[in-house]
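Hello,

Here is the structure I promised to pass on. Please have a look at it first, and then read the notes below.

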Amino acid sequence: MTDAAITLLVLAAVVVLFVSNRFPVELVAIGAALTLYGTGVLTLPQALAGFADPAVLLIAALFVVSEGLDASGVTTWVGQSLVSRGGTERRLLLLTMLLAAGLTALIGLNGSVAALLPMVVVIAMRSAFPPSRLLMPLAFAGSAGGMLLLTGSPVNVVISEAAADAGVGSFGFAEFAIVGIPIVAGTIAIMLFLGGRLIPERVSET
């Protein structure tokens with residue numbers, strides 16, 4: 001069997017394991033690297049190279065920062081500030097989306113949503129708003145905010161690194177904002193003016 005066939009089979013197995021969610025994702029990822037090493041597709045230095053890759057280290061560091069924000073109470077403090085300044089549903093929606101986009105730009109989508117999700121649910125319940133009216137815009141604003149800074153998405157880091165390797169130069173830290181700012185502004189505008197018609201109202205049963 002060729003190296004390409006082995007790699008495709010390992011990739012297919014990884015996708016199945018990720019979708020089934022029966023094993024921790026980090027165990028599956030390390031297992032894939034070890035499998036490729038054991039079958040001779042990769043050498044040992046190649047199998048371990050990812051752990052020293054700057055993109056991987058940066059992404060891991062962003063997850064640590066997001067957990068630190070949550071554990072230190074920063075997100076709770078921000079949530080209380082939003083409730084006190086929110087007022088109308090539209091104003092609260094605007095502030096929530098700006099916060100989601102800004103935080104995502106700094107620490108990435110997964111970290112920001114994980115930190116903001118409990119806070120947004122509490123804000124919605126305290127303000128007597130359906131949680132769905134804030135949660136879906138939170139996801140949309142977070143996705144758009146990933147285009148604001150280099151740290152906004154792992155894809156940005158990988159692309160910048162690939163551009164540097166290709167000899168055309170890496171991207172600047174805020175260079176993505178040229179495209180990201182219009183995307184964030186457009187996303188917020190759509191939610192503010194059309195969100196009432198597009199977002200379903202779903203009330204928690206508990």
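What percentage of the 206 residues of the protein count as buried? The answer is 33%. Please keep in mind that this is a predicted model.

**Overall build**

The protein has ten helices and zero strands. Read along the sequence, the pattern is therefore α-α-α-α-α-α-α-α-α-α, with strands and helices taken from DSSP runs. The C-alpha trace spans about 60 × 45 × 35 Å along its principal axes. Now take the contacts in the protein with a separation of 6 or more. Residues 24 or more positions apart account for 65% of them.

**The first two helices**

Start with α1, residues 3–20, and α2, residues 25–38. Their axes lie 10 Å apart, and the helices pack at an angle of about 170°. That angle makes α1 roughly antiparallel to α2, because angles over 145 degrees count as such.

Which residues meet there, from α1 and from α2? On the α1 side they are T7, V10, V14, L17 and F18. On the α2 side they are V25, V28, A32, T35 and L36. By class, this contact of α1 with α2 has eight nonpolar residues, two polar ones and no charged ones.

**Two pockets**

The largest pocket holds about 330 Å³ of space. Its lining consists of V25, E26, A29, A47, L48, G50, F51, D53 and V56. Two helices, α2 and α3 (44–48), each supply at least two residues of that lining. The largest share comes from α2, with three residues. What classes of residue make up the lining of the largest pocket? Six are nonpolar, one is polar and two are charged.

The second largest pocket has a volume of about 190 Å³. T7, V10, L11, V14, V15, F18, V28, A29, A32, A33 and L36 line this second pocket. Here α1 and α2 each supply at least two residues. The most comes from α1, which gives six residues. The lining of the second largest pocket has ten nonpolar residues, one polar residue and no charged residues.

The two sites also share ground. A29 is in the lining of the largest pocket and in that of the second largest pocket. V25 lines the largest pocket and takes part in the contact of α2 with α1. T7, V10, V14 and F18 are in that helix contact, and they also line the second largest pocket.

**Two residues to look up**

Try S160 in helix α9, residues 154–165. Is S160 buried or exposed? Its relative accessibility is 6%, so S160 counts as buried, the cut-off being under 20%. Leaving aside residues up to four places away in sequence, S160 touches L150, S170 and F171.

Then go to L106 in helix α6, residues 89–107. Its relative accessible area is 48%, so L106 is partly exposed. That value falls in between the 20% and 50% cut-offs. Not counting residues up to four places away in sequence, L106 touches L62, L149 and T151. How far apart are the C-alpha atoms of L106 and L149? They are separated by 7.0 Å, although the two residues are 43 residues apart along the chain.

Best wishes

Notes:
Residues numbered from 1 in each chain as written. Predicted model: local features only at pLDDT ≥ 70, side-chain atom pairs only at ≥ 80, totals over all residues. Heavy atoms only, no water. 1 Å grid on protein atoms, 1.4 Å probe; cavity = no way out; pocket = protein on both sides within 12 Å on 5 of 7 lines; lining within 4 Å. Points joined across faces, edges and corners; volume = space filled by probe spheres on them. Helix = DSSP H or I, 4+ residues; strand = E, 2+ residues; numbered from the N terminus. Nonpolar A, V, L, I, M, F, W, Y, C, P; charged D, E, K, R; others polar. Buried < 20%, exposed > 50% of the residue type's maximum accessible area, 1.4 Å probe, protein only. Contact = heavy atoms within 4.5 Å. Axes fitted to C-alpha atoms, helices over the stretch in contact; angles between N-to-C directions. Parallel < 35°, antiparallel > 145°, perpendicular 65-115°, else oblique.
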